[in-house]
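Trainee: I am new to this one and would like to go through it with you. Could we look at it together, one topic at a time?

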Amino acid sequence: MPADTDTAPAAVVPARRTASPWVLMYHSVTEFTDPAEDPYGITVTPLALEAQLLWLRSRGLRGVSVGELLRARAAGGGTGLVGLTFDDGYTDFLTRALPLLRRHDCTATLFVLPGRLGVDNVWDPLGPRKSLLTAEGIREVAAAGQEIGSHGLLHQDLTAAPDDVLLQELRGSRDLLRELTGTLPEGFCYPYGHLDARVVDATRAAGYGYACAIAPGRLAGPHALPRTHVSQADGGTRLRVKHLRHRVRELRRAVHR
């Protein structure tokens, strides 16, 4: 286990005037055949994930953790890098996704819930129960060179949380992950993608170097990075369209600054 530290690695993020990088959003990686097994569209099969990683490679792109991506961009590089994120911390990241990431020389950021270790996705009323990583599983992922970020403690809508709960979800989860891995997490991910100015400000104040959202609109920036959802249906054509959509959106943001 890495030596404990009181501070996270320096979070180097691009300035607000810089276009947001392309960051892909995954959740669960497992076999399924019935759409009823994936009512929220959050699951891809290992075969689909591998095809998507190969598509990135065919375009001269490589998937990396968000922390690695932002540091490369801040140093004037990052060309050809795409952020890979996996929300919720499902056990199948360790058993299904990680071997594929290693095979294709990729890394990723796994956003976990230290308040729900070893249980399941109780916040999803529909679909099958999916097991979450234990403390040992999270340490194994970190030891494999993947970035561990916080998804809060309990997967709550932070925009509806009172200030004391918001503080615990942000700082409490960060402290627990330091206890688990020996390192303070650099990144945060907003549960459900829900955020507002209060939540973004609190996330920055809690010490995170960056945070991932989904479609943050005018709040977009280092602590509200937009992401592209990737589904089982996303082959090469759909990924090209999503990449183009991201680039167009960032050009529009630049024009309206």
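**Helices, charges and cysteines**

Mentor: Let us begin in helix α6, where D201 and R204 both lie, three residues apart, or about one turn of the helix. Please keep in mind that this is a predicted model.

Trainee: What do the side chains of D201 and R204 do there?

Mentor: They meet in a salt bridge, with 3.0 Å from N to O.

Trainee: How accessible are D201 and R204?

Mentor: D201 is partly exposed, with a relative accessible area of 45%. R204 also counts as partly exposed, at 34%.

Trainee: Which residues are joined into one network by salt bridges that share partners?

Mentor: D234, R238 and K242 are joined in that way.

Trainee: How many salt bridges does the structure hold?

Mentor: The structure holds twelve. One of them links R62 and E68, whose closest N and O atoms are 3.5 Å apart. E68 is partly exposed, at 26% relative accessible area.

Trainee: And what about R227, which residue does it pair with?

Mentor: R227 forms a salt bridge with D87, and the closest N and O atoms are 2.8 Å apart. R227 lies in the loop between β9 (210-212) and β10 (228-229), while D87 is in strand β5, so this pair ties together parts that are 140 residues apart in sequence.

Trainee: Are R227 and D87 buried or exposed?

Mentor: Both R227 and D87 are buried.

Trainee: Changing topic: what about helix α5, how long is it?

Mentor: Helix α5 covers residues 163-181, which is 19 residues. From its first C-alpha to its last it reaches 27 Å, close to the 27 Å expected at 1.5 Å a residue.

Trainee: Which elements do the buried residues of α5 pack against?

Mentor: They pack against three strands and two helices by name: β6 (109-112), β7 (147-150) and β8 (187-189), along with α4 (135-143) and α6 (197-205). The buried residues of α5 include L166, L170, L177 and L180, and also E169 and R174.

Trainee: What follows α5?

Mentor: G182 follows α5, and its phi is positive, near 90°.

Trainee: You listed E169 among the buried residues of α5. Which side chain of opposite charge is nearest to E169?

Mentor: That is R116, at 7.5 Å, and E169 has no salt bridge although it is buried. A polar atom of the E169 side chain does lie 2.7 Å from the backbone nitrogen of L153.

Trainee: What else does E169 touch?

Mentor: Not counting residues up to four places away in sequence, E169 touches S150, G152, L153, L154, H155, Q156, L158 and F188.

Trainee: H155 is in that list. Where is H155 found?

Mentor: H155 is found in the loop between β7 and α5. H155 is buried, with a relative accessible area of 7%. Its phi is positive, about 60°, although H155 is not a glycine.

Trainee: Why is that worth a remark?

Mentor: Most residues other than glycine have a negative phi. D88 is also a residue other than glycine with a positive phi, near 90°. D88 sits in the loop between β5 (81-87) and α3 (91-103), and D88 is buried at 4% relative accessible area.

Trainee: Moving on to helix α1, what does the side chain of E50 contact there?

Mentor: E50 is in helix α1, and E50 is buried, with a relative accessible area of 17%. The E50 side chain makes a polar contact of 2.9 Å with the side chain of R103 and another of 2.8 Å with the side chain of H104.

Trainee: And W55, what is W55 in contact with?

Mentor: W55 is placed in helix α1 (residues 46-58) and is buried, at 9% relative accessible area. Leaving aside neighbours within four places in sequence, W55 is in contact with W22, G236, L239 and R240.

Trainee: Last topic: how many disulfides are there?

Mentor: A search of the whole structure finds zero disulfides.

Trainee: Why is there no bond for C106 or C189?

Mentor: The closest cysteine sulfur to that of C106 is in C212, 17 Å away, which is too far for a bond. The sulfur of C189 also has C212 as the closest, at 5.9 Å, and that is too far for a bond as well. C106 counts as buried at 5% relative accessibility, and C189 counts as buried at 0%.

Definitions and conventions. Residues are numbered from 1 along each chain as its sequence is written. This is a predicted model: local features need pLDDT of at least 70, side-chain atom pairs count only at pLDDT 80 or more; totals for chains, interfaces and linings use all residues. Side-chain values use heavy atoms; hydrogens and water are left out. Helices (H or I, at least four residues) and strands (E, at least two) are DSSP runs, numbered from the N terminus. The expected span of a helix is 1.5 Å times one less than its number of residues. Buried means under 20% relative accessible area, exposed over 50%, partly exposed in between (1.4 Å probe, protein chains only). Contact means heavy atoms within 4.5 Å. A disulfide is a pair of cysteine sulfur atoms within 2.5 Å. Lys and Arg count as positive and Asp and Glu as negative; His and the chain ends are not counted. A salt bridge is a side-chain nitrogen of Lys or Arg within 4 Å of a carboxyl oxygen of Asp or Glu. A polar contact is a pair of N or O atoms within 3.5 Å; within protein, one must be able to donate a hydrogen and the other to accept it, and residues adjacent in sequence count only if both atoms are side-chain atoms.
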